[in-house]
Every structure is written in structure tokens, then in C-alpha cells.
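User: Could you take a close look at one part of this model for me, the strands and the salt bridges that go with them? I would enjoy a connected walk through it.

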Amino acid sequence: MSESLTRQLKFTKHAVRGKGVVVAQNAKAAEVGASILRKGGNAIDAAVATGMAIGALEPWMSGIGGVGFMTIWSAKEQRAWTVDYGPVSAKKLDPSVYEIVGPGPANPFAWPDIKEQRNEVGYHSIAVPGMVAGLAKALERFGTVAWKDVLQPGVEIAQRGMELDWYMQVMIANGAKHLEKFPASKANYLCDDGRVPASDWAGTRRYIKLGNLGETMRRLAEAGPREFYEGSLARDIAADLQAGGSAISYDDLAGYEAKIVDPLAFEHNGVTINVAGGLTAGPTLRRAIELAGAATKGKGAPGAEFFAAIAEGMHKAYDERLKTLGDKPTDTCTTHFCAADSEGNMVALTQTLMSLFGSCVMLPKTGITMNNGMLWFDPEPNRPNSIAPGKKPLCNICPVVVVKDGQPWFCIGASGGRRIVPAVSQLSLMMIDRGMDVEAAFHQPRVDISGVGPIRVNRDLPDEVKKAIAARLPIVEVDNPVSPLGFANPSCIVRDPKTGELTGMNEVMSPWAGGAAQ
């Protein structure tokens, strides 16, 4: 698409409103969650149903072979919690498998090249997946609907297969190079000759079978979540992993446990921001907002001072993060969604396979597309985030619940690797510090500061904003096309403190993203 044509196109997206709302990067997944709300479930029930279904709707982003974090506001307990179900490396992992072959040594901003891309593609790149354990833990503690019932929509979608459309074709085309290396992946995602599956001009619906995923989801629904870690399903998963050369064993699966922990909570301009802490991007979010200071405050649409302060604060925060903690490359495929109900419960949930199609391995026995969580570790030895057995890596996930006057105000998060924190910080501060409504905030062009290279500035921002940032830091003007997105892919739900009405909003430029109301 030429630049002149791109400049002529203008996109808008309407918010979704109701007493219960789910917003997701896939509108069909949001509808799954909303259907649970309509049947009397709460926001946690809806989030779990969405999370378990979305892996069969966009398996390049997430699925039961993945990991994640969620931040929850519990109306019953009147407080926030974080559920941690991040990746863990195998207990018998051998770090020497990830041999550095160049260009090394690594700078603070990217990993060196690893032999055969073993930390990125294939069985050696897989970490112990936590998604099933995390969603089950949240449902058990905060939900009201039975495990089997919240899984049923996901079972049906997985058994039917994934509907082929143009966006799916784009994603498969981008992943084909690595998908064709693994028999089950090639057999299910590609044609026999390696081409991308095509739809016909008549518009006939076509579904792509996701291996044995439908049967796996049925087994999981019937036997319960520990079936994934300790049952016959776990043995099938471990057998496939070890046959492919992974160090992950049945004992690694059996020993996995998701945890409910305190969120990282901090105050800003009269509100409490609750975000996943520890090895997530939560600490970087807090530091960036702290560094931006009072310059983000004002009324209405943000101007030059707002963006310059965000750019400078985020740049410094990311520089500190990269030098002290390590990080991963920016090319990631994650999904974020939010759910909220009329009782006051809110969920911001981010889950991921890490890269596009994760490891690109579909396990033959189960149809599970597995993560490449080893990519989140620093392959250089003797660093805080270095590869090691039985260890959790640093990640960019940043699910947030903001509380005002003791009540949940909004939940927000995004996908997009290093682009997540810049998006979450800007959108949150537009609402907190500028008083913007969520629909206006999401239509506002943004900047991206990932600690790598110049500040990426949406070319639709006014010239005075670009000049203000350029006076402090190098910039480059970029577009935000439909595919690939130029910035992060956020979702948010805001609660009106007077009426209780919920308003959900997604990234304007994301064609699949949408919401559904109770």
C-alpha cells in the first residue's frame, strides 16, 4: 500500500457498552466470554472461557501451550490480585545446548545468534506451559462456573476447527518458513506442497483442523485442569516433547504450579495502579510514570509536553530495564483481553505463545501448538536473566487494574512485546491525567519507546509534538497500518463510577479486535 493511499484512509472503531463487557483481540472470543456473563457467570468465568477458546481462534497468538499473567479486582474481597502462570525452564535443561554462534557479545538490546535458533524455533525453545494451571487457579479462587462449563465453548470451537479468512492467511504466511519444519504443524497449517491454505472466491466458509486439539480440549474439560499436568494427557505431552528433543519431562509438568500473588500497586494522581509485578513489565510501567512526572497532567487531548515527557521517561525506564534485567526481541505474538461484570469484578489478562506460532511445534498426539518461552531468557551467561534450569524469565506482560476512590475504574493491557508498556502508560495517563474517555484515547495517535533505536512517532501526530520529542531524543515517523500493526494492540474496559455502565474498547487498527456485551 503506497504512502499516499495510506494517508487517505481513516479508521474509526466504536466502543461496546453494557452491564457486563468482554473485549479481546478476537471479537469471536469476546463473544464467548460475553455468553458466559449472560448465563450468570462473573468476569473471571468470562475471562477463563475467553482464554480457553481464543487459542483455537488465533493459535499464532496463544493457546493451552502458552503462558500468561492476569490482574484481577475481586469485588467480594475488595482488592486486587495477580495470577502468575509464566513459563519455567525444564529442571534438567542444559544451558550449553544454546550455543552462541554470533554476532556476540550481545549488546543490551538484543540477543546474540544461537545455534540453529534453538532458543526461538523447535523443541529446545519450549518452556513448561502455565496457561491451563493459571486459568484453573483463577477460576477456582474467584469464579462461579464449573470448569467443564467454561471450557465447553472452547471445546466446540477446537473440534470445529479454525475459520480460514484473510487475516489467518497472513499469519500463516508469516509463519510458514518455520511451520513447515515440523510434520504436525505442516500437515495442519499448510497445504501438502507447503503453500498457505486459500479460500475460494465464492466466500464459502472453510475451517482448518487443528490436529487433535479438539479431542485434547474435550479430555481437559472432562478430567479437569490437572489432567494437563499429571494425567494421561500430561504423559502424551511429555512423550511428544521428549521425542522431539525437549528437556521437559512429565515431572516438569507435574511440578508446575500457578500462583496467586499480590500485585505491584502504586499511587498516581489520586488513583491506585495495580499491575503484575516481579519479572513482568510492571516495574518498568511504574518507573516510566514516575519519570514522566507532572508533565502529563492537563485537560483533554495530550499535547507536545505530554508526549515529550512520556518519551523521555519511557526511554530512561527501558534503558534501566535492559541494562539491569535483560529483555527479549520485539517480534512477539501475544494476546490481551479484558472482562468486567455488574458486580464490580474486573480482569486484565495477557497470555502468549511468545513468537508467531510460538516454537512452531504442534505436538502430534495432542494438537497443542507450543510456546517458545526460552526466547525470554538471555543466552549470555552470568546475567540476571541468563538461561538456567528450573528458572522463570523476564517478560513484557503488563495487565493493569486501576482503582479510584476504592472502586475499580478501568482494566487495561496490550500485546506487542516491548511496545506493550508504552501503549499501556500513554492510554492510562490519557484517562487518569487528561480526563479523556476511553474511545477518544484509543483514537489518539501514540508514540512507541522500546529502548531500542529512535522514538517511533505516529506520523499522524501534530508537528509540534514531533518537534518537542525530537528536541530531546532522535525520532522516526512511522505509519500504523492494519497489518502488521505499527504499535501495540491494547484492550480496555472502563467503569462509570456513577452508573456502573461498562465501556470496552480495542485497538482501532486491529481488524479482528472487538468486544461483546452482556
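Analyst: Happy to; here is a walk through the strands, then the salt bridges, and then a few places around them.

A word on the ground rules: this is a predicted model, in which local features need pLDDT of at least 70 and side-chain atom pairs count only at pLDDT 80 or more, while totals for chains, interfaces and linings use all residues. Residues are numbered from 1 along each chain as its sequence is written, and side-chain values use heavy atoms, with hydrogens and water left out.

Let us start with the three-stranded sheet. Its strands come in the order β16-β17-β18, forming an open sheet with mixed pairing. The edges are held by β16 (447–448) and β18 (475–478), each with a single partner strand, so one side of each has no neighbour in the sheet. Strands here are DSSP runs of E with at least two residues, helices are runs of H or I with at least four, and both are numbered from the N terminus. Two strands count as paired if DSSP finds at least two bridges between them. Between β17 (residues 455–458) and β18 there are four bridges, and these two strands run parallel. In that pairing, Ile455 stands opposite Ile475 in β18.

Strand β18 also takes part in a salt bridge, meaning a side-chain nitrogen of Lys or Arg within 4 Å of a carboxyl oxygen of Asp or Glu. As general background, side chains of opposite charge can pair when their charged atoms come close. Here Glu477 pairs with Arg459, and their closest N and O atoms are 3.7 Å apart. Glu477 belongs to strand β18 and Arg459 to the loop between β17 and α16, so the bridge ties together parts 18 residues apart in sequence. Arg459 is buried, with a relative accessible area of 18%, whereas Glu477 is partly exposed at 35%. For these labels, buried means under 20% relative accessible area, exposed means over 50%, and partly exposed is in between, using a 1.4 Å probe and protein chains only. The pair is also part of a network: salt bridges with shared partners join Arg459, Asp463, Lys466, Glu477 and Asp479.

The loop just before β18 has a salt bridge too. Arg472 meets Glu312 with the closest N and O atoms 2.9 Å apart. Because Arg472 lies in the loop between α16 (463–470) and β18, and Glu312 in helix α13 (residues 304–324), the pair ties together parts 160 residues apart in sequence. Arg472 is partly exposed at 43% relative accessibility, and Glu312 is partly exposed at 39%.

A search of the whole structure finds 25 salt bridges. Another of them joins the side chains of Arg205 and Glu163, at 3.6 Å from N to O. That pair links distant parts of the chain, 42 residues apart: Arg205 is in the loop between α7 (183–189) and β8 (207–208), and Glu163 is in strand β7 (residues 162–163). Arg205 counts as exposed at 60% relative accessibility, while Glu163 is buried at 17%.

Now to strand β4. Residues 79–85 make up β4, and six of its seven residues are buried. Strand β3 (residues 67–74) runs antiparallel to β4 and is joined to β4 by seven bridges. The hairpin of β3 and β4 has four residues between the strands, and there Gln78 takes a positive phi near 55°. Strand β9 (residues 259–261) is also antiparallel to β4, with three bridges joining the two. Asp84 of β4 appears in both pairings: Phe69 stands opposite Asp84, and Asp84 stands opposite Lys259 in β9.

For a helix to set beside these strands, take α14 (residues 420–432). Its 13 residues reach 18 Å from first C-alpha to last, close to the 18 Å expected at 1.5 Å a residue, where the expected span is 1.5 Å times one less than the number of residues. In α14, 13 of 13 residues are buried.

One last stop is Val508, in the loop between β20 (502–506) and β21 (514–517). Val508 is buried, with a relative accessible area of 9%. Leaving aside neighbours within four places in sequence, Val508 is in contact (heavy atoms within 4.5 Å) with Phe11, Thr12, Lys13, Phe442 and His443.
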